[in-house]
Amino acid sequence: MCDVGIIMVTYNSTSKLGKFFNKVLESLVGLDTEGLNVKIVIVDNASRDNTVNLIRSFLNNKGINAEIVNMKRNTGLPAGYDYGAVKAKDCKYLMFLNDDVILSKNTL
C-alpha cells in the first residue's frame, strides 16, 4: 500500500512557466520521503509544447520513478486530478498540486 500519492496536472508548463517549471520539478523530487512509500502521478492535459518530454527527461536523469499520463485532450484541471486520483487509489493520502507550486523539502 502507498502512503502518499502526489498528483500534479500539467498543461503547456514549459511554455507558460519556462525555467520556473524546472524548480517545481526539483522541489517535487527533493521531498524528504524517508519512511514513506510515495507514488508520483503526473497527468498532462494534452500539452502542445515540450512539457512531457521535459518531465520524462528530468525524472530519468534523477532516477525517479513516476507515472506520466498523457491525456488525448485537455479535460480541464478537475478531471485531470480525478484521473490522477484513480491512478493513486491505493494510497492512504492524496496530495494535489498545480504545476506552479514549489514544495519545501519537509512538506510531507
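Two strands count as paired when DSSP finds at least two bridges between them. Keep that in mind as you open this predicted model, because the tour starts in the sheet.

**Stop 1: the strands**

Select β1 and β2 together. They pair in the parallel sense, with 7 bridges between them. To see one of these bridges, pick Ile6 and look across to β2, where its partner is Ile40. Now colour β2 by accessibility: this strand is mostly covered, with 5 of its 7 residues buried.

Next, add β3 to the selection. β2 and β3 also run parallel, and 4 bridges join them. Here, click on Asp44 and follow its bridge to Asn70 in β3.

**Stop 2: Asn70**

Stay on Asn70, which lies in strand β3, residues 67-70. Is this residue buried, exposed or partly exposed? Asn70 is partly exposed, at a relative accessible area of 42%. Show what surrounds it, ignoring neighbours within four places in sequence, and you will find Asp44, Val52 and Arg56 in contact with it. For a sense of scale, draw a distance from the C-alpha of Asn70 to that of Asn106: the two are 29 Å apart in space and 36 residues apart in sequence.

**Stop 3: the disulfide**

How many disulfides does a search of the whole structure find? There is 1. Select Cys2 and Cys91, whose sulfur atoms sit 2.3 Å apart. The torsion about their S-S bond is about 85 degrees, so this disulfide is right-handed. The pair links distant parts of the chain, with Cys2 in strand β1 and Cys91 in strand β4, 89 residues apart. Both Cys2 and Cys91 are buried.

**Stop 4: helix α4**

Move to helix α4, residues 77-87, and highlight its buried residues: Gly80, Tyr81, Gly84 and Ala85. Why do they fall on the same side of α4? They cover an arc of only 140 degrees around the axis, and this puts them on one side of the helix. Turn the view to the other side of α4 and you meet Pro78, Asp82 and Val86, which are exposed. Turn back and show β1, β2 and β4, since these strands are what the buried residues of α4 pack against.

**Stop 5: the nonpolar cores**

Now for the interior. The largest nonpolar core has 21 residues, and Leu28 and Leu59 have the most contacts inside it. β1, α2, β2, α3 and β4 each supply at least two residues of this core. The largest share, 5 residues, comes from α2.

Select Leu59 and display what it touches. Leaving out residues up to four places away in sequence, you should see Val29, Ile42, Ile64, Ala66 and Ile68. There is also a second, separate core of 10 residues, which includes Cys2, Val9, Val41 and Val43. Cys2 is therefore familiar from the disulfide stop, where it was the partner of Cys91.

**Stop 6: Ser27**

Finish in helix α2, residues 20-29, where you will find Ser27. With a relative accessible area of 9%, Ser27 is buried, the cut-off being under 20%. Zoom in on its side chain, which reaches the backbone nitrogen of Leu103 at 3.0 Å. Beyond residues up to four places away in sequence, Ser27 touches Val101, Ile102 and Leu103.

Terms used. Residues are numbered from 1 along each chain as its sequence is written. This is a predicted model: local features need pLDDT of at least 70, side-chain atom pairs count only at pLDDT 80 or more; totals for chains, interfaces and linings use all residues. Side-chain values use heavy atoms; hydrogens and water are left out. Buried means under 20% relative accessible area, exposed over 50%, partly exposed in between (1.4 Å probe, protein chains only). The arc is that of the directions from the helix axis to the C-beta atoms. Contact means heavy atoms within 4.5 Å. A polar contact is a pair of N or O atoms within 3.5 Å; within protein, one must be able to donate a hydrogen and the other to accept it, and residues adjacent in sequence count only if both atoms are side-chain atoms. A disulfide is a pair of cysteine sulfur atoms within 2.5 Å. A nonpolar core is a set of buried Ala, Val, Leu, Ile, Met, Phe, Trp, Tyr and Cys residues joined through side-chain atoms within 4.5 Å.
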